[in-house]
Amino acid sequence: MATITANISVSSNVLSYPISINNSMTMSKAGSCHGLEETSGLNSKKIESTTAFKLFGNAEATEGGASKVYIRNTGASTTDYFYVGYGEDLDKATVQTIGRLYGGNWMLIPWDAVGATTHDIYAKSSTVEPMHIEYMAFTE
Amino acid sequence: MATTTASLAINSPDLQPGNRLTINASSLLMKTGLTEGLDIYDAGTGELTVLMSHKKLHDSLGTTDTSNWMYLANHGTDDTHYIEVGLRDTIIGRLYAGDWMFTPWNMSADTAEWSIEAEGGTQKYEYAFFKSTYVLADSAQGTINP
């Protein structure tokens with residue numbers, strides 16, 4: 001059993017008083033206090049195409065589990081981005097686009113792979129200019 | 001202009017034997033394709049019961065394909081309970097007790113709302129949305145001054 005901790009800190013002056021969100025989680029298996037044990041490893045890719053590409057296949061995770069996915073655009077562009085979503089082709093309505101990662105943006109989400117290709121996780125660059133993406137899955 | 005910074009630290013001494021895992025990331029949350037910070041914010045806390053079933057956490061009433069962010073945490077304490085998180089009709093994943101998530105949200109369609117459902121028992125949750133644009137939902141009262 002591994003011990004994996006993830007800490008988030010968000011600060012903002014969007015209101016007239018400071019906003020501060022701080023939270024920590026220990027990544028555990030579903031319904032258990034035991035830690036997640038497997039990982040895809042930390043990956044990094046250089047992308048020079050606007051064709052969608054797979055980051056994680058649903059078979060990598062346990063259906064109904066407590067898997068987590070970390071993804072980051074390691075670039076610096078404020079205009080170019082990676083779409084991230086579930087499914088195969090992020091241009092079609094049958095696929096769920098989650099959001100855009102601009103340069104420096106990161107995300108950490110739970111992943112219920114549901115045992116279907118609808119829950120493969122894909123990314124797609126907005127440009128043919130080189131961009132780098134970093135990603136890692138934590139699974140049971 | 002608001003300045004919002006989101007930082008992450010992931011650590012594990014033993015996930016990969018002989019290779020301590022340390023990931024640190026930090027980013028400024030900006031409006032779509034600009035250098036201007038996000039300036040619309042919604043946040044709160046709540047309690048979900050199993051009987052409530054599927055509930056909308058946030059409408060998708062902003063401009064589609066924009067830069068928006070969601071933070072959601074499950075403040076429950078029972079390891080066997082979880083909150084199922086969905087985006088439109090797609091299950092994203094499960095937040096077990098103590099788990100949190102932070103994700104971009106491009107409001108890809110006007111039906112791309114976030115939803116949550118308690119499984120196993122009553123759970124407390126906390127959320128925050130940082131948004132580029134947003135339009136308040138129509139009032140059921142129609143016009144205030146006819």
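Author: A residue is buried if 20 or more other C-beta atoms lie within 10 Å of its own, exposed if 12 or fewer, and partly exposed in between, with C-beta atoms placed from the backbone. This is a predicted model, in which local features need pLDDT of at least 70 and side-chain atom pairs count only at pLDDT 80 or more, while totals for chains, interfaces and linings use all residues. Residues are numbered from 1 along each chain as its sequence is written, and chains are lettered from A in the order in which they are written.

Reader: Why is B:Arg88 called partly exposed?

Author: B:Arg88 has 15 C-beta neighbours inside 10 Å, and because this count falls between the two cut-offs, B:Arg88 is partly exposed. B:Arg88 lies in the loop between β6 and β7 of chain B, strands being DSSP runs of E with at least two residues, numbered from the N terminus, and has a positive phi of about 55° although it is not a glycine.

Reader: What makes β1 of chain A and β1(B) a pair of strands?

Author: Two strands pair if DSSP finds at least two bridges between them, and eight bridges join β1 (residues 5–12) of chain A to β1(B), so the pair meets the definition; the two strands run antiparallel, and A:Ser11 stands opposite B:Thr5.

Reader: How do you know which residues of chain B are in contact with chain A?

Author: Two residues are in contact if their C-beta atoms, placed from the backbone, lie within 7 Å, and by that criterion 51 residues of chain B are in contact with 47 residues of chain A. To the side of chain B that touches chain A, β1(B) gives the most, with nine residues.

Methods:
Helices (H or I, at least four residues) and strands (E, at least two) are DSSP runs, numbered from the N terminus.
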